[in-house]
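Okay, thanks for squeezing me in. I'll put one model on the screen and talk you through the fold and then the charged pairs.

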Amino acid sequence: MGGKACYNDFRMFGLASAVAAFLIWALSGSLLLRSIPLPGPVVTWFGFAVGALFLGVTVAKRRARELRLAKERYLHKLLLVGIAFAGVSLCYQSAVKATTVANAILTHSTQAVLTAAVFVPLFLRTRVPKTGFIAVVLGFLGLVILLAPQLTWYGSFWGNSWGIILGLLSAVFYAWFNVQVPAFKDALPQDVILTFALGISSLLLLPFAILSWSPGLTIDSVTVVKLIIFGLLNNMLGNILYYYALRKRPVDQVTALSYLEPVIAIAAAAVFLGEPVKSTAALGGAIILASSAIAVFGEQLPFLRKTANS
């Protein structure tokens, strides 16, 4: 009995880490990021660089042996993680600039469906439980209802088409990233993996940050503080929690919970920025919360127990 209780506590802590990561990303993305008067690629690069520098300093002495092991044996795999990491951020932020935020979020969030239906069977050679598919599909339905009033096709046809393509491409990078992390489960500590991922991503994104910089831009002390906080929260702490969740829980459960992020972001924007909330947001949010409950408790719910075991 005690062993089962410990297992349940361990299981819930892994899922709680995922929820905490999505909470951090939603708040930092909807509130902090908007208050930084710099182009998206510059903010993203700075965030990656801050996270890589801070983690690198903290793990340099404690993880010297693991860092050497990572460099000697796993550098090629860590390079792929860094590419996926950078691809998610660059494609999603570019999608936001090319089309509406709602269009970008909706296409970006197809990552949960792609992860469960394509990438987990293809790369991890495992089958996602039916409750996992139910949670992912139900969550995506809730997201469509949540964002439907804001979906639009404004501007040029090619501009919107390119934005939607970039949003879908960010989802592909996201799904690819999700299935790479479990491969390091017993090989390297998560802080070592994240140090390499952030460092590689910052190097890959540096040219984009340079190209997006204009001579008239200036950075004051307040902006520097915000950039550092953004890097520590969004790029370091959020990813530490997300890495932990992916290493401890099935990928489909963690990705199903990712639909909580837009719900939190919309709620935060309404409370702190005074942005209006459409009437359908409550229905969409309720469906997303239901999908999250299925992802977490699906095997324990009586009406889904038979489905989970089939």
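I'll begin with the whole chain and then go to the salt bridges.

So, first off, this is a predicted model. Going from the N terminus, you read α-α-α-α-α-α-α-α-α-α-α-α-α-α, which comes to 14 helices and 0 strands.

How much of the chain is buried? Of its 310 residues, 48% count as buried. On the outside, the chain exposes about 14,900 Å², and carbon and sulfur atoms supply 71% of that. As for contacts, take those with a separation of 6 or more: 90% of them are between residues 24 or more positions apart.

Right, on to the charges. Side chains of opposite charge can pair when their charged atoms come close. How many salt bridges does the structure hold? There are 3.

Let's go to aspartate 191. Its side chain meets that of arginine 62 in a salt bridge, at 3.3 Å from N to O. Look at where the partners sit: aspartate 191 is in helix H9, residues 190-212, while arginine 62 is in helix H2, residues 40-62. That's 129 residues apart, so this pair links distant parts of the chain.

Aspartate 191 also forms a salt bridge with arginine 63, and there the closest N and O atoms are 3.3 Å apart. Arginine 63 is in the loop between H2 and helix H3 (64-73), so with aspartate 191 in H9, this pair ties together parts that are 128 residues apart in sequence. Put the two bridges together and you get a network linking Arg62, Arg63 and Asp191.

Now, buried or exposed: what is aspartate 191? It has a relative accessible area of 11%, so it counts as buried, because the cut-off for buried is under 20%. Arginine 62 is exposed, with 52%. Arginine 63 counts as partly exposed, at 23% relative accessibility. So in this network a buried acid pairs with one exposed arginine and one partly exposed arginine.

And the remaining pair? Which side chains meet at 3.6 Å, N to O? Those are arginine 65 and glutamate 66, in another salt bridge. Arginine 65 is exposed, with a relative accessible area of 55%, whereas glutamate 66 counts as buried at 15%.

If you keep one picture from this, take the Asp191 network: helix H9 on one side, and on the other, helix H2 plus the loop that follows on to H3.

How values were computed
Residues are numbered from 1 along each chain as its sequence is written. This is a predicted model: local features need pLDDT of at least 70, side-chain atom pairs count only at pLDDT 80 or more; totals for chains, interfaces and linings use all residues. Side-chain values use heavy atoms; hydrogens and water are left out. Helices (H or I, at least four residues) and strands (E, at least two) are DSSP runs, numbered from the N terminus. Buried means under 20% relative accessible area, exposed over 50%, partly exposed in between (1.4 Å probe, protein chains only). Contact means heavy atoms within 4.5 Å. Accessible areas come from the Shrake-Rupley method with a 1.4 Å probe; for residues, only the protein chains shown count as cover. A salt bridge is a side-chain nitrogen of Lys or Arg within 4 Å of a carboxyl oxygen of Asp or Glu.
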